[in-house]
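Here is a short tour of one protein model, taken a piece at a time. Keep the structure open while you read and find each part as it comes up.

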Amino acid sequence: MRAATALDAMDFRILAYLQREGRATNVEVADAVGLSPSPCLSRTKRLQALGIIRGFGVHLALAQLGDTITIFVEVTVEKHRRQDLRRFEAAAATIREVMECYNVSGGYDYLLKVVTRDTGHYRNVMDALLEADVGIRKLRSFIVLREPFIRHDYPLDHLFDV
């Protein structure tokens, strides 16, 4: 059974609000979704216990801190046995500059989002991944020129029938 099947419309309202207003107090969330604070807190804790709410954080304007580059990397691995894929994933997870890792279908096996100071730093990161000897056959890189927008809140009302 999917976790979403145990959720009702009020749970989705809480999730939608918290995606936009992660710093909101429980009282603010309760007011926004039309609940009293106690049941709102119970629902929020239940959503956390189910692993639907993974945590609360801050979205940084990285460009305001200094120059960086974002690179999307297509990775093709030699072998597609489960243990080989897990070995690659474990190695990629140890590299802090790898911000996201997706196992995908199509012409390559993984799509990585990597953030580094500059191209030299990126080269060092990729050299370290290659030297880890985790079965990489091919890398293909795409440097991001600009980020017109990034969304952090999923369109829950468009994705799920609630």
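Helix α1 and helix α3 (residues 37–49) pack at an angle of about 80°, and their axes are 10 Å apart. Angles of 65 to 115 degrees count as roughly perpendicular, so that is how α1 and α3 sit relative to each other. Bear in mind that this is a predicted model.

Which residues of α1 and α3 meet? On the α1 side they are Met10, Asp11, Ile14, Leu15 and Leu18, and on the α3 side Cys40, Arg43, Thr44, Arg46 and Leu47. Sorted by class, this contact has six nonpolar, one polar and three charged residues.

Helix α1 (residues 9–20) also packs against helix α2 (residues 26–33), at an angle of about 125° and with the axes 10 Å apart. That angle makes α1 oblique to α2. The crossing of α1 past α2 is right-handed. Here Met10, Arg13, Ile14, Tyr17 and Leu18 from α1 meet Glu28, Val29, Ala32 and Val33 from α2. This contact divides into seven nonpolar residues, no polar ones and two charged ones.

Here are the two helix pairs side by side:

| Helix pair | Angle | Axis distance |
|---|---|---|
| α1 and α3 | about 80° | 10 Å |
| α1 and α2 | about 125° | 10 Å |

Now for the nonpolar cores. The largest one has 20 residues, and those touching the most other members are Val73, Val75, Phe88, Leu112, Val114, Met126 and Leu129. Two or more residues each come from β1 (69–77), α4 (82–93), β3 (110–116) and α5 (119–131). Which element gives the most to this core? It is β1, with five residues.

Leu112 is a good residue to click on. Apart from its neighbours within four places in sequence, Leu112 is in contact with Ile71, Phe72, Val73, Val75, Phe88, Val98, Glu100, Cys101 and Leu129. There is also a second, separate core of 15 residues, and Leu7, Phe12, Ala24 and Cys40 are among its members. Cys40 has come up before, as one of the α3 residues that meet α1.

Next, look at two threonines in strand β1. Thr70 is in this strand, and Thr76 is there too. Is Thr76 buried or exposed? The cut-off for buried is under 20% relative accessible area, so Thr76, with 9%, is buried. Thr70 counts as buried as well, at 9% relative accessibility.

What do these threonines touch, if you skip residues up to four places away in sequence? For Thr70, the list is Lys113, Val114, Val115, Phe142, Ile143, Val144 and Glu147. For Thr76, it is Gly107, Tyr108, Asp109, Gly135, Ile136, Arg137 and Lys138. Take Arg137 from that second list: Thr76 and Arg137 are 61 residues apart in sequence, but 5.5 Å apart in space, C-alpha to C-alpha.

One last stop is Asp133, in the loop between α5 and β4 (136–143). Its phi is near 55°, a positive value in a residue other than glycine. Is Asp133 buried or exposed? With 58% relative accessibility, Asp133 counts as exposed, whereas Thr76 in strand β1 is buried.

Key
Residues numbered from 1 in each chain as written. Predicted model: local features only at pLDDT ≥ 70, side-chain atom pairs only at ≥ 80, totals over all residues. Heavy atoms only, no water. Axes fitted to C-alpha atoms, helices over the stretch in contact; angles between N-to-C directions. Helix = DSSP H or I, 4+ residues; strand = E, 2+ residues; numbered from the N terminus. Parallel < 35°, antiparallel > 145°, perpendicular 65-115°, else oblique. Left-handed = near helix turned anticlockwise from the far one by under 90°. Contact = heavy atoms within 4.5 Å. Nonpolar A, V, L, I, M, F, W, Y, C, P; charged D, E, K, R; others polar. Core = buried A, V, L, I, M, F, W, Y, C linked by side-chain atoms within 4.5 Å. Buried < 20%, exposed > 50% of the residue type's maximum accessible area, 1.4 Å probe, protein only.
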